[in-house]
Amino acid sequence: MGLLIGVGVLVLIALYFIGIYNSLVRARNEARNGWSQIDVQLKRRHDLIPNLVETVKGYAAHEKETLEAVIQARSAAVGAKTPGEAGKAEGMLGMALGNLFALSERYPDLKANENFLSLQEELSATENRIGFARQAYNDAATIYNNKREVFPANLISGGFEKAELFEIEIAAEREVPKVEF
Amino acid sequence: MWEQIRSNRRRSGFVVVAMGVLLVAVGMAITAMFAQDPGVMLLGGVAALVLWIVLWLVTVHGGDDIMLHMAGAKEIEHKHHPVLFNVVEEMTIAAALPQRPRVFVVDDPSPNAFAVGRDPKKAAVAVTTGLLRTLDRDELQGVVAHEIGHIKNRDVALLTTAGVMVGAIVMLAEIGLRTFWYSGGGRRSRSSNEGGGAQAAIMVVAILLLLLSPLLAQLMYFALSRRREHLADASGAMFSRYPEGLASALEKLGGRRAAPLADTSKVTAPMYIVAPLRKASGGGGSLFSTHPPLEERVRILRSMGGSADVGAYDAAYRKVKGRRIVGTHTLEASQPIPSRQADDDADRGGLFGEGGMLGAVEGARPRSRIRPAPSPGPEVSPAGPGAPPMAPPPLPPSSRRARIASDAFLQASGYVMRRCVDCGAVVKIPPSLQERVTACPRCKGDLEGQGE
């Protein structure tokens with residue numbers, strides 16, 4: 001009888017830890033998914049840029065330098081391999097875009113162009129999305145980190161790596177919406 | 001943060017269970033008028049539950065479409081209203097919903113919005129044309145964040161379940177009372193012939209129950225609805241990281257809500273961001289309203305003190321109402337999250353603000369995520385000469401660190417930091433604009449030459 005109770009208790013404990021383990025896995029996957037959502041949004045931004053450059057070219061073809069800078073920054077961002085590299089490249093891209101939009105101020109026709117306006121809204125929306133994707137990642141990562149650090153989950157969460165939070169923002173990336181004012 | 005939501009869901013679950021008990025009791029009370037046998041009475045209770053399940057199935061089956069149809073909502077695509085679409089997309093990302101809800105527009109001058117969808121995968125958000133006309137982008141974002149909060153918290157499922165229960169209780173109670181009035185006399189004389197004092201007592205209890213239960217059920221339902229409304233506000237503030245957007249939207253909605261929305265019924269009322277049926281004034285804190293008073297919601301959102309997480313909302317709620325709204329035991333575990341107002345706008349967003357370098361575009365374009373603070377509110381601490389660098393009081397250390405780091409990044413990319421002599425705001429100027437920025441964009445004051 002005593003043995004049975006002992007086994008029962010052990011089974012319950014095992015079930016409890018299985019539950020914790022599964023919730024850790026779920027939280028980790030959510031954090032990972034959050035991370036990949038950031039990439040999705042960055043890619044979206046890259047895809048919008050060629051269109052924008054084409055549109056601007058139609059009105060301000062002689063502003064070669066600025067346009068070139070945007071194209072170069074974009075290909076650098078697309079080709080970036082490591083997160084550090086990507087961060088830097090995205091920052092450069094943001095700066096270049098900022099210059100491009102600042103330049104558009106001098107071309108009333110361009111500023112009135114519907115295509116340009118919609119691209120501008122799309123880009124600033126993408127900018128926001130990048131921000132919100134980071135925010136969602138941070139939320140998911142915080143939940144995950146909390147889960148793996150609290151007792152008794154910390155007894156079995158050795159194989160679960162701590163998720164890094166996005167504390168450093170790539171500052172220049174935020175320049176696109178700013179230029180809208 | 002979802003720990004709080006979960007503990008709240010549990011509490012809401014209790015309310016639903018309590019309503020279910022009430023429903024069963026009503027079923028038993030009706031049966032008690034015909035036969036006071038416990039077994040038969042139990043059967044009556046089960047019958048009441050079955051009625052509820054049938055009603056629930058009818059509502060749930062295509063309930064979303066019925067509601068959208070009733071409201072006259074039309075689904076739109078990106079090209080019809082890109083700003084609305086983008087805002088919904090952004091909030092979907094922020095809430096980490098599996099899928100973007102469908103977007104609907106209701107052609108109605110009264111500004112309002114609602115969400116439907118028991119399943120976050122099949123949800124929809126609808127806003128009125130009046131809302132789109134009234135609000136700017138940040139406010140729209142606040143409203144959409146609130147609606148997405150309803151979806152994320154699964155309020156639609158909860159409130160439909162509870163609402164159908166109220167409906168079943170009201171319906172049964174009415175049937176029971178009518179039966180009693182029309183046939184009660186004969187039955188009573190017969191039961192007195194049999195001389196059962198206990199039976200008479202059961203009858204009295206049954207009648208009382210039938211009289212009181214609709215009221216009780218409705219009170220419970222309204223309390224539940226108001227609580228979920230607060231929770232959606234909290235989620236909305238968290239998703240947008242900008243409580244002020246929702247607060248100022250609610251203010252505008254309250255001011256303009258002279259004409260109630262056409263074609264809304266009591267059933268659908270709780271789904272809206274502001275109560276569509278009630279007048280703006282008139283007993284805001286009533287026990288019989290589906291929504292908390294607007295002024296109270298605005299006040300709570302505004303007392304979040306530069307934070308945007310659910311914990312800050314809870315603290316603000318406690319300050320305004322004197323009690324808690326979300327589960328408390330998990331709050332300590334979650335990190336404070338600064339709101340955008342404190343984090344971004346206080347110093348960084350000011351550059352292109354009113355009268356800023358590119359102010360000409362403003363107005364013609366929707367406001368973007370990073371905007372100047374609407375007014376030099378409390379987050380602009382006026383710093384005298386020699387005062388420490390401007391820092392909003394509630395800024396947690398983690399976000400201070402983030403700001404220092406981001407400033408370092410900015411300076412590395414050639415930005416120049418200059419503090420305004422008058423209002424203390426730090427203006428961060430990109431290299432391309434250095435010669436053009438000479439005055440503080442917020443207060444037009446002179447800028448110091450030194451860095452931060």
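**Exercise 1. A salt bridge with A:Asp139**

Task: Determine which residue forms a salt bridge with A:Asp139, where the two residues lie, and whether they are buried or exposed.

Solution: In this predicted model, the partner of A:Asp139 is B:Arg241, and the closest N and O atoms of the pair are 3.0 Å apart. A salt bridge requires the nitrogen and the oxygen to be within 4 Å, so the pair at 3.0 Å qualifies. The next step is to place the two residues: A:Asp139 belongs to helix α5 (residues 114-149) of chain A, while B:Arg241 sits in the loop between α8 (197-240) and α9 (243-256) of chain B, and therefore the pair joins two chains. As for accessibility, both A:Asp139 and B:Arg241 are buried.

**Exercise 2. A salt bridge inside chain A**

Task: Describe the contact between the side chains of A:Arg45 and A:Glu90, and explain why the pair ties together parts that are apart in sequence.

Solution: Begin with the distance, which is 2.8 Å from N to O, and which belongs to a salt bridge between the side chains of A:Arg45 and A:Glu90. Because A:Arg45 is part of helix α1 (residues 2-60) of chain A and A:Glu90 is part of helix α3 (residues 83-104) of chain A, the pair ties together parts that are 45 residues apart in sequence. Now turn to accessibility, where buried means a relative accessible area under 20%. A:Arg45 has a value of 0% and is buried, and A:Glu90, with a value of 3%, is buried too.

**Exercise 3. A pair at the end of a helix, and a network**

Task: State how far apart the closest N and O atoms of A:Arg148 and A:Glu149 are, classify each residue as buried or partly exposed, and then name the residues that salt bridges join into one network.

Solution: The closest N and O atoms of A:Arg148 and A:Glu149 are 3.7 Å apart, and the two residues form a salt bridge. A:Arg148 has a relative accessibility of 15% and therefore counts as buried, whereas A:Glu149, with a relative accessible area of 40%, is partly exposed. Salt bridges that share partners join A:Arg45, A:Glu90 and A:Glu127 into one network. Over all chains, the search of the whole structure finds 21 salt bridges.

**Exercise 4. A nonpolar patch on chain A**

Task: List the residues of the nonpolar patch on the surface that includes A:Val9, and work out where A:Val9 stands in terms of accessibility.

Solution: The patch is formed by A:Met1, A:Leu4, A:Ile5, A:Val9, A:Leu10 and A:Ile13, which together have about 670 Å² of accessible area. Among these residues, A:Val9 has its place in helix α1 of chain A, and its relative accessibility of 43% makes A:Val9 partly exposed. In an α-helix there are 3.6 residues a turn, so residues three or four places apart point the same way.

**Exercise 5. Strands and a helix of chain B**

Task: For strands β3 and β5 of chain B, state which strand each pairs with and how the residues of each strand are covered.

Solution: Strand β3 (residues 113-116) of chain B pairs with strand β4 (residues 124-128) in the antiparallel sense over four bridges, and in β4(B) the bridge partner of B:Phe114 is B:Ala126. From β3(B), B:Ala113 and B:Ala115 point one way and B:Phe114 and B:Val116 the other, and all are buried. Strand β5 (residues 416-419) of chain B has a covered face, made of B:Met417 and B:Arg419, and an uncovered face, made of B:Val416 and B:Arg418. Four bridges join β5(B) to strand β6 (residues 426-429) of chain B, and these strands run antiparallel; in β6(B), B:Val427 is the bridge partner of B:Arg418.

Task: Give the span of helix α2 of chain B and name its buried residues.

Solution: Helix α2 (residues 38-60) of chain B has 23 residues and reaches 33 Å from its first C-alpha to its last, close to the 33 Å expected. Its buried residues are B:Met41, B:Gly44, B:Gly45, B:Ala48, B:Trp52 and B:Val60.

**Exercise 6. Each chain as a whole**

Task: Report how many helices and strands each chain has, and what percentage of its residues are buried.

Solution: Chain A has six helices and zero strands, and 50% of its 181 residues are buried. Chain B has 13 helices and six strands, with 54% of its 452 residues buried.

Terms used
Residues numbered from 1 in each chain as written. Chains lettered and ligands numbered in written order. Predicted model: local features only at pLDDT ≥ 70, side-chain atom pairs only at ≥ 80, totals over all residues. Heavy atoms only, no water. Buried < 20%, exposed > 50% of the residue type's maximum accessible area, 1.4 Å probe, protein only. Expected span 1.5 Å × (residues − 1). Pairing = 2+ DSSP bridges. Patch = residues over 30% accessible without salt bridge, like charges linked within 9 Å, V, L, I, M, F, W, Y side chains within 5 Å. Areas by Shrake-Rupley, 256 points an atom, 1.4 Å probe, with all protein chains shown as cover.
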